[in-house]
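Colleague: Pick one part of this and take me through it slowly, please. I'd like the local details and then what goes on around it.

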Amino acid sequence: MKKTMFVLILIFLATTTAYALESFDEVCIGRALGGSCYAIYTVDSYCYVGGGARFMIFDVSTPSSPVEIGHTYLDGVIRDIFVSYPYAYVNENRDRVVIIDISDPTRPIGVGYFESDNTIFEVYV
């Protein structure tokens with residue numbers, strides 16, 4: 001009985017997973033990051049990406065070949081990004097918001113931060 005139930009569960013999981021994968025009509029047209037990414041924000045032809053503690057700016061004017069044009073490192077893992085030009089507000093480690101000047105996308109510079117005793121899940125300005 002246990003073996004039959006186990007086989008039925010496996011069949012169910014395999015078919016639902018296959019169906020879920022087929023339901024997406026997305027096509028990868030370019031790649032730019034090879035590691036973990038928890039935060040991304042796109043405005044016009046720029047894409048702001050948090051990969052671990054690295055804050056990166058990509059030129060995505062040609063979507064099939066994104067180009068990294070600038071980056072800076074923060075102290076912790078980037079969890080959320082919100083952009084209101086000329087600043088990017090970056091949630092770091094869920095307890096700190098770092099303000100980055102992005103007026104020169106080739107040289108993003110941290111200009112301030114806010115720390116909280118509470119957990120920060122999202123940033124919106």
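Modeller: Let's start at the turn where β1 and β2 meet. Two residues sit between the strands of this hairpin, and D44 has a positive phi there, near 55 degrees. Keep in mind that this is a predicted model. As general background, most residues other than glycine have a negative phi. On either side of the turn, β1 (residues 39-43) and β2 run antiparallel, joined by five bridges. If you want a register mark, use T42, which stands opposite C47 in β2.

Now follow β2 along to its other hairpin. With β3 (residues 54-59), β2 makes six bridges, again in the antiparallel sense, and V49 faces M56 across that pairing. This hairpin also has two residues between its strands, and here G52 is the one with a positive phi, near 65 degrees. So how well covered is β2 (residues 46-51)? Five of its six residues are buried, which leaves the strand mostly covered. In a regular strand, side chains alternate between the two faces of the sheet.

From β3 you can step over to β4 by way of a salt bridge. The side chains of R54 and E68 meet with N to O at 2.6 Å. Since R54 belongs to β3 and E68 to β4, the pair ties together parts of the chain that are 14 residues apart in sequence. Neither end is fully covered: R54 is partly exposed at 23% relative accessible area, and E68 is partly exposed at 31%.

R54 turns up again if you look at T72, further along β4 (residues 67-73). Beyond its neighbours within four places in sequence, T72 touches A53, R54, F55, I100 and P108. T72 has a relative accessible area of 19%, so it counts as buried, the cut-off being under 20%.

Further on there's a second charged spot, built around R96. What are its partners? One is D75, with the closest N and O atoms 3.6 Å apart. That pair links distant parts of the chain, 21 residues apart: R96 is in β7, while D75 is in the loop between β4 and β5. D75 is exposed, at 68% relative accessible area, whereas R96 comes out as buried at 18%. The other partner is E92, whose side chain meets that of R96 at 3.5 Å, N to O. Both R96 and E92 are buried. Because the bridges share partners, D75, E92 and R96 belong to one network. Over the whole structure, the search finds three salt bridges.

The loop between β6 and β7 is worth a stop for its backbone. N93 sits in that loop with phi near 60 degrees, positive even though the residue isn't glycine. R94 is in the loop between β6 and β7 as well, and its phi is positive too, at about 65 degrees. As for cover, N93 is partly exposed at 42% relative accessible area, and R94 is partly exposed at 31%.

Go back one loop and you'll meet a cis peptide bond, running from Y85 to P86 with omega near 15 degrees. P86 lies between β5 (78-84) and β6 (87-92). In general, most peptide bonds are trans. Right after that, Y87 joins I109 and V111 in a nonpolar surface patch of about 260 Å². I109 is in β8 (residues 109-115) and is partly exposed, at 45% relative accessibility.

To put all this in context, the protein has one helix and eight strands, with the helix coming before the strands along the sequence. Of its 125 residues, 27% count as buried. The accessible surface comes to about 8,700 Å², and carbon and sulfur atoms own 56% of it. Among contacts with a separation of 6 or more, 35% are between residues 24 or more positions apart.

A word on confidence before you zoom in. Average pLDDT is 82, and 72% of the residues reach at least 70. Where should you hold back? Residues 15-21 stay under 50, and the model gives them zero contacts beyond four places in sequence. Where pLDDT is low, predicted coordinates should not be read in detail.

Notes. Residues are numbered from 1 along each chain as its sequence is written. This is a predicted model: local features need pLDDT of at least 70, side-chain atom pairs count only at pLDDT 80 or more; totals for chains, interfaces and linings use all residues. Side-chain values use heavy atoms; hydrogens and water are left out. Helices (H or I, at least four residues) and strands (E, at least two) are DSSP runs, numbered from the N terminus. Buried means under 20% relative accessible area, exposed over 50%, partly exposed in between (1.4 Å probe, protein chains only). Patches are made of residues with over 30% relative accessible area and no salt bridge: like charges are joined within 9 Å, nonpolar side chains (Val, Leu, Ile, Met, Phe, Trp, Tyr) within 5 Å. Accessible areas come from the Shrake-Rupley method with a 1.4 Å probe; for residues, only the protein chains shown count as cover. A salt bridge is a side-chain nitrogen of Lys or Arg within 4 Å of a carboxyl oxygen of Asp or Glu. pLDDT is the predictor's confidence in each residue, from 0 to 100. Contact means heavy atoms within 4.5 Å. Two strands pair if DSSP finds at least two bridges between them.
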